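Subject: Structure handover

Hi,

Here is the structure I promised to pass on. Please open it next to this email; my notes follow below.

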Amino acid sequence: FRLMIPDESRIEVYDYSDGRPTGQIPSVGCPFTFPVISSAARIFLAAGRPMFTSVPLPTALSFPGDTAVALFQAVLDYQGVSLQGEIAVQGLQGQVLRRTESGTVPVAAAEVFGALRLFLDGQVIAADTILAAEGIDLVTASDVRLLQGSVRTMTLAADIRASAPEGNYCVQFADSTFLEMMDGNLLTPLYPLATALLYPLTGAEVAVAAVGLEESFTNYPNPFFPSRGQITTIGYVLPEEARVDIAIFSITGELVKTIAAQAIRAGGSHQVDCWNGLNDGGREVVSGTYFCRITAHYASGKTESFKRKVAVIR
């Protein structure tokens with residue numbers, strides 16, 4: 001908007017002591033002539049608080065040197081009935097934890113990660129490749145605006161350091177201040193409203209294993225309950241490209257289910273093969289212990305084969 005004073009008669013000035021109106025006489029050399037029009041001005045709407053919903057992520061099987069491992073994901077929903085101003089997303093803070101037999105303990109982010117990146121709808125908005133702080137402290141290079149009516153997906157991903165110790169890690173956020181946001185115009189801090197969340201909020205668990213098939217071959221959950229709709233995911237790390245066979249056998253050695261046959265898999269971490277507790281005939285197997293066998297025929301000519309126990313509970 002702009003303010004316009006059409007002429008001097010529209011300016012009302014009163015004597016402070018007796019309240020009588022006074023006239024206005026422009027000073028000598030006054031640069032203004034009537035009508036006086038101000039420069040343009042804007043009225044800003046105050047920003048609201050977006051809704052924040054965490055997206056569950058499965059356990060990630062990783063290895064030293066792995067890249068773009070998802071640690072945390074959430075949806076920011078900034079829809080509302082009343083008009084609300086812009087939000088400036090400015091960064092994220094958290095803590096890295098390592099799981100032990102007695103619980104979790106804090107570890108320095110640089111001990112495990114070589115880089116951290118924060119994405120908004122697939123676009124990098126903040127990155128840290130130095131990791132000098134004990135925890136996670138990502139700051140956007142410039143304000144990232146969240147407009148009313150938008151629904152955005154936020155993802156925190158990491159590159160695993162080549163020297164990362166084996167173990168299970170996760171990121172944790174203490175409270176709603178972990179996501180740093182400001183009113184885009186008034187520059188006052190604000191925080192998201194969590195939906196059905198309890199703090200501290202913990203992201204996905206990342207299992208860092210040695211770069212080898214034998215050490216990394218696993219399945220989770222184990223035991224699993226097919227009668228409850230559960231499946232067990234078979235995870236493994238290949239040091240190079242291979243043709244992979246995965247099969248389930250009874251304890252007497254009978255073939256129960258073929259999971260993968262001569263499937264081409266690139267070198268790296270894999271978690272795409274699953275078992276739902278059915279045999280090759282589509283019937284449910286009985287409760288008990290089974291064996292999962294994986295065989296990898298590498299492009300270099302080498303072959304490896306290992307097996308592990310899988311427990312089924314009905």
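A salt bridge here means a side-chain nitrogen of Lys or Arg within 4 Å of a carboxyl oxygen of Asp or Glu. Keep in mind that this is a predicted model.

**Salt bridges**

The structure holds seven of them. Three are described here.

Glu205 pairs with Arg99, at 2.9 Å from N to O. That is within the 4 Å cut-off. Glu205 sits in the loop between strand E18 (201–202) and strand E19 (206–208), while Arg99 belongs to strand E8 (residues 87–100), so the pair ties together parts 106 residues apart in sequence. Arg99 is partly exposed, with a relative accessible area of 42%.

Asp121 and Arg152 form another salt bridge, at 2.7 Å from N to O. Asp121 is in the loop between strand E10 (113–120) and strand E11 (123–128). Arg152 is in strand E13 (residues 150–160), so this pair ties together parts that are 31 residues apart in sequence. Asp121 is partly exposed, at 41% relative accessible area.

Then there is Glu304 with Lys302. Their closest N and O atoms are 3.8 Å apart. Is Glu304 buried or exposed? Glu304 is buried, with a relative accessible area of 17%. Lys302 is partly exposed, at 46%.

**Nonpolar cores**

In soluble globular proteins, nonpolar side chains tend to be buried together. The largest nonpolar core in this model has 42 residues. Which residues have the most contacts inside it? They are Phe72, Phe113 and Leu156. Strand E7 (residues 69–78) gives the largest share of this core, six residues.

Leaving aside residues up to four places away in sequence, Phe72 touches a long list of partners, including Phe52, Leu57, Met154, Leu156, Val171, Phe173, Phe178 and Leu201. Ser54, Thr155 and Gly203 are also among the residues that Phe72 touches.

Another core lies apart from this one. It has 24 residues, among them Ile246, Val256, Ala260 and Cys292.

**The four-stranded sheet**

One open sheet has four strands, in the order E23-E22-E25-E26. The pairing is antiparallel. Strand E23 (255–265) and strand E26 (303–312) are the edges, and each pairs on one side only. From one strand to the next, the twist averages 15 degrees.

Strand E22 (residues 242–249) is joined to E23 by seven bridges, and the two run antiparallel. Phe249 has Leu255, in E23, as its bridge partner.

Best regards

Conventions:
Residues are numbered from 1 along each chain as its sequence is written. This is a predicted model: local features need pLDDT of at least 70, side-chain atom pairs count only at pLDDT 80 or more; totals for chains, interfaces and linings use all residues. Side-chain values use heavy atoms; hydrogens and water are left out. A nonpolar core is a set of buried Ala, Val, Leu, Ile, Met, Phe, Trp, Tyr and Cys residues joined through side-chain atoms within 4.5 Å. Buried means under 20% relative accessible area, exposed over 50%, partly exposed in between (1.4 Å probe, protein chains only). Contact means heavy atoms within 4.5 Å. Two strands pair if DSSP finds at least two bridges between them. Axes are lines fitted to C-alpha atoms, for helices over the stretch in contact, and angles run from 0 to 180 degrees between N-to-C directions.
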